[in-house]
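Okay, thanks for coming, everybody. I'll put the structure up now and talk you through it piece by piece.

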Amino acid sequence: MMNCELLATCSALGYLEGDTYHREPDCLESVKDLIRYLRHEDDTRDIRQQLGAGQILQNDLLPIIIQHGHDKPLFDACIRLMVNLTQPAILCFGKVPDDPTFRHHFLQVVSYLHAYKEAFANEKVFGILSEKLYNLLQLDWEQRQDEDNLLIERILLLVRNVLHVPADPYEEKFITIKLLNVGMDDLLKFLASAQSEQQWSMHVLEVISLMFRDQTPEVLASAGHARSSQEKQKDAAELEALRAKEQAEKRSRIMQRGTRHSRFRGSYVVQGVKSIGEKDVIFHQGLHNLKNYSHDSGKAVRRVPKRKLMAQDLESQRRSALNVRLFLREFCIDFLENCYNHLMYLVKERLIREQVQKHDETYYLWALSFFMAFNRSHSFLPDLVSETLSIGTFHFIEKNITNYYEMMLTDRKEATSWSRRMHLALKAYQELLLTVNEMDRSKDENIRQSATVIKSNIFYLMEYREIFLTLLRKFDERTQPRSFLRDLVESTHLFLRMLERFCKGRNSLVVQKKRVKRRKRSQKKQPHQENTPEALEETWQIVSQDLRESGFKVILSKTLYSTEGVVPFDAASEIPLEEQRTEAMVRIQDSLIARLGPEALGLLHAAREVWPDGNVFGSPDVEPEEELDLLRQILFANLPRASSGEPVMEEEDDNDMEQEEEEELESVQVSETDFNFLDFIKRFASPTIVRPYLLLLRTYSQNTPHTNHCIARMLHRLAVDLKMEGLLYQLSVFCLFNKILGDPAAAAYKELVTFAKFVLSRFFAVAAKNSKAYVELLFWKNVGAVREMTEGYSKEGEDGLKKNKATWTEEEEEELRQLYEEHKDSGVPDIVETLLPLLSNTNRTRRQVVAQMVSMGLVDSAKDLKKEKKGTRIVLWTEEQEMELQMLFEEHQNSDDVLGNIMKRLTAKRSRARVVDKILSLGLVSDRKELYKKRRRNVPGKSAGMTEDEFFDLSGAPWEGELERDEEEDEDDEGEEDDREEERKKEREAMAAQKKKKQRRQSAGEKNINLDHLVRSLQQEGLSGPLLWLQNCINRAADDREDDGTSYAVPLVPLTEENEDAMDKQSFQKLLRKVGIRAPADEQESFWRIPATISVYQLRALASSLCPSGESKESGLEEDVEKDSTPEQMDESSSHEQRAEALRALLLARKRKQQSTDTSGGARPGGKRSRFIDSDDEKGENFLLTNSIHDKTMKLTFLWFPVP
């Protein structure tokens, strides 16, 4: 029943009295209410079903648009409502529902759509729509409003929805003929060809595709023409074949009838056929039925799982009435002559630019195959389809076929839909080949030359040659129907025939060949050799003395020349920027260790140019002594390396006998080669390609003669041309041949019968020589197995087939058995490694020995002979090992890395955690902290200009992190967790953090001392004002970073002429580089920037180092106070300092302003100057800087709005 509110709304539309419809005053509002109801319907589409049951469209909406079409608002609203009501059910529900309840609602909506389509079979309805559409198209583009464009689109969508409804097989209304009678076809052709109506190209193509749904282009092309004599002869031959088949079946049925009455049919013993027991089968039927006897008769048919069912063909073709076919034929002729090329160009442009909806390319593929087939069947004129007759079209279709296949593999739930789309693309590709083949047979020399050019391009490229090979190899009958396989087999036959004819007319054919090379590169993992501090000190003395004696300038020029092609940064690499920077530091250290000072210096300069931020590799104006200090820090730093760490032996099985890392490298090599057609046919000699052909051959009685010919021709190429008839020596193939030979209508399949007899005769000839041939029938065979079956099986060791298999003589087996008996109770950890050097044949590998011991029964499984894992499995310490540990500790207890030196020299390799525990248990140390790697005291920290924390934690970072990681790994391996160890770890992390903070302050203080000389020189030049401005900017940046907790690069924007002049001076820029402020990176940046890598503590220290000379002592006192004060006192003092600095900046600005007004003798007119810096110029920072200049005061206001 209809909802009461919905019923009241429908009643307010109006009523139909006879043929006159009387609308109510609230008719327009009621239509809008119905649209609103449809917008809020539930998943079952209840509103749509109730309106369909009430026949609102038939009784109200259609009469309204017919009789009240002059009312534009009402007409627009009714069209909008009808577009919604006639929407396809598949779009309403998303897909065909699997739930029975929703499936019922889905079918109910489909039934209402059938009723709507029947109601639209009225010329008055389409006449009104055509008239409205014609009037709208008469308007110029300037006069047409947005509402007019919406109405045009809705009319096209309404026609599309009506045509989309599946045809009712019982009561079909000729919607197409109604459309053509009212002139809708002329409007569609105008929209397809008009230059000003390009936006409707996809709608027009969709409507045309639905108009010709279920139509065959060959049938339409021949409509209205008398049949030729060849067609009559062909039809007569087919009719005669059917008649002969029917008579043969009739004779077979007559011969099967018994001569006796059924009650006297008797019982027979079938000798040689065993029943369930040991006796022969007793047959209780007539002898004429003995041929059909099977043990499977009477058994329940096994249910095939749904996922293994073969895909069903959804293609439906119907033969419309003659007048409909004639109308459609004339439409196709006009469309090809006036619209096809223009419309297909527009649609392809939209597809390439992705200006369409999803899957709209299927309409393009359908139109291509349909209209090109019609053109080929009617009167072949290549000019009419020249837009789609190009190499670009071949490429477009091949790309879509590949995409559809990939989506079939990934989107398993919608694999059937992707398969249908692939079928459309395959038919378009087939039609392109048929058109090119037709051009090749043309009488016009220019057309034949064009066909030759297209074929040469198709046969040259590897993608177009092997597309059919790939599709046959990847065919899956569960998702791809028989119709797809039929078109694929016919397309392959056509392509091979064209290729064979093309090759015969030429001495040689050069084609492109792509080869994918895959090679495995083995890289044995070698632990990084650590250098002792003494060796590094000796290396540094040699390198530094060499650099000082040679001179930096000479070395630098030679280094730049020698390392010209060495770049420490690869923009195309997938390695992150931070890792590349660390790798550059490692390369510098390796050059220093190799005592290649000039190369290390060149790499340092190259890295400095690539990474100028933060002065990680030193500032550009660094002094030679400071550069030497930086190289020394890099040499003594403990840099992270990719292959660092203790090598741990992994477990080996019988497949992995060596420790190596295999990296697979893949590269595509493109080359040209001479094409051999016979070698190309050999690619088809594979069971994966033969099976689809035989699958299609099973339905030989339903196939067309052309399809059976394509199958027989391919099998003939394999069996006769390649002499590979052994590929067909399979039991299922012979059963199929037996069915063909026993068919009463076998005379209609002469080609198949002849081929089956040929294959069977060859098989029986092979079976006479090979007694195992009948067993081979049970298996599909590749080329190697076919050769062995037909030419004879190779013996062991012949032809190199068994070369890789190791053979053992009886003496070697006895020797292995004796050695195993002697050493199995010796307690050696790896008996295989013990036996290998004792064997007389020293070429035996571990794999061979293990396999032979298993085959001889000496061990149960290869798992019993696995290598023992080094490291954590050794738990007990012998007395000799404890003495060795004590001696090593006493030897290296004064070194910087006690534990590292001990680990290198231990005979029995153990984890660091086990060694530390043993040292503690022996009482050699009282606390494990004594075993940590000692920090070198002579490293003063970072060099001038370094801003990253602790030089990547390279100089002075405590070493306990590496030890803790090893301990955690060992605890994971052993399954032991210690809560006390976690507490100690937290304490060490807190202590390390405090040390880092203290080191930062110390390094900042050292830098301040270095900056003092440069600041004083700038003050003497009269740049005290810009220094205060710079100090203020740094303090504000520090405050923002401390408040927000995040860091952004802050640009320094000079708002006064004095500051702008200072920023242009080399001395001031030298100060900026010295404190770590980054210069503009490229032409898109205009301002210097405070890097985001500088911490708050470093910013505070830099600001304090920029104080005037008169306040240096005060700042020094404040630094001393900071060192002894608490964090709260430090915060208070920093805030007081900032306020004092702000007051000093304000007073200085007033003084400068007063001096400038006195000297100039006049006042600058007051006003405001504001500058807005867009985020595009500043790459993420958005500032609003306001500079207000008054007569006596200057106010500097900075408003930060950081954009994350």
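Let me start with a small bit of sheet. Find strand β3, residues 268–274, and then strand β4, residues 280–283: the two run antiparallel, and four bridges join them. Five residues make up the hairpin connection from β3 to β4. If you want one facing pair to look at, take Val-269, which stands opposite Ile-282 in β4.

Before we go on, please keep in mind that this is a predicted model. The average pLDDT over the chain is 76, and 75% of the residues score at least 70. Now, some stretches do badly. Residues 799–803 stay under 50, and the model gives them five contacts beyond four places in sequence. Then there's the stretch 1156–1204, also below 50 in pLDDT, with 75 contacts in the model beyond near neighbours in sequence. I'd be careful with those contacts, because predicted coordinates should not be read in detail where pLDDT is low.

Okay, zooming out. The chain has 1204 residues, and 42% of them are buried. Its secondary structure comes to 51 helices and eleven strands. For the contacts, take residues at least 6 apart in sequence: 72% of the contacts between them join residues at least 24 apart. And the accessible surface is about 68400 Å², with 49% of that belonging to carbon and sulfur atoms.

So what's inside? As a rule, nonpolar side chains in soluble globular proteins tend to be buried together. Here the largest nonpolar core has 187 residues, and the ones touching the most other members are Phe-212, Phe-371 and Ile-397. Which helix gives this core its largest share? That's α23, residues 482–504, with eleven residues. Let's pick Ile-397 and look around it. Beyond four places in sequence, its contacts are Leu-365, Leu-368, Ala-425, Ala-428, Tyr-429 and Leu-432. There's also another core, apart from the largest one, with 28 residues, including Leu-1011, Leu-1014, Leu-1018 and Leu-1052.

Next, helix α12, residues 201–211. Eleven of its eleven residues are buried, so the helix is largely enclosed by the rest of the structure. Look at who's on that list: Ser-201, His-203, Glu-206 and Ser-209 are among the buried residues, along with others such as Val-204, Leu-205 and Ile-208. And what covers them? The cover includes α9 (146–164), α10 (175–181) and α11 (184–193), and also α15 (322–338), α16 (340–352) and α17 (361–378).

Now the aromatics, which I had fun with. There are 31 aromatic pairs in the structure. Take Phe-93 and Phe-106 as one example: the ring centres are 5.6 Å apart and the planes sit at 75 degrees, so we call this pair edge-to-face. Phe-93 is in helix α6 (residues 89–93) and Phe-106 is in helix α7 (residues 100–119), so the pair ties together parts that are 13 residues apart in sequence. Buried or exposed, these two? Phe-93 has 15% relative accessibility and counts as buried, and Phe-106 is buried too, at 10%.

Another pair to look at is Phe-335 with Tyr-340. Their centres are 6.4 Å apart and the planes are at 80 degrees, so that's edge-to-face. Phe-335 is buried, with a relative accessible area of 1%, and Tyr-340 is buried at 0%. Both rings belong to a cluster linked by ring pairs, made up of Phe-212, Phe-331, Phe-335, Tyr-340, Trp-366, Phe-370 and Phe-371. You've heard two of those names already: Phe-212 and Phe-371 were on the list of residues touching the most other members of the largest core.

Last stop, a couple of backbone oddities. Most residues other than glycine have a negative phi. Glu-354, though, has a positive phi, near 55 degrees. You'll find Glu-354 in the loop between α16 and α17, and it's exposed, with a relative accessible area of 69%. Lys-723 also has a positive phi, near 55 degrees. That residue lies in the loop between α31 (705–721) and α32 (731–741), and at 64% relative accessibility Lys-723 counts as exposed.

Okay, that's my tour. Happy to go back to any part of it.

Technical notes: Residues numbered from 1 in each chain as written. Heavy atoms only, no water. Buried < 20%, exposed > 50% of the residue type's maximum accessible area, 1.4 Å probe, protein only. Contact = heavy atoms within 4.5 Å. Areas by Shrake-Rupley, 256 points an atom, 1.4 Å probe, with all protein chains shown as cover. Core = buried A, V, L, I, M, F, W, Y, C linked by side-chain atoms within 4.5 Å. Pairing = 2+ DSSP bridges. pLDDT = per-residue confidence, 0-100. Phe/Tyr/Trp six-rings, centres within 6.5 Å; stacked < 30°, edge-to-face > 60°.
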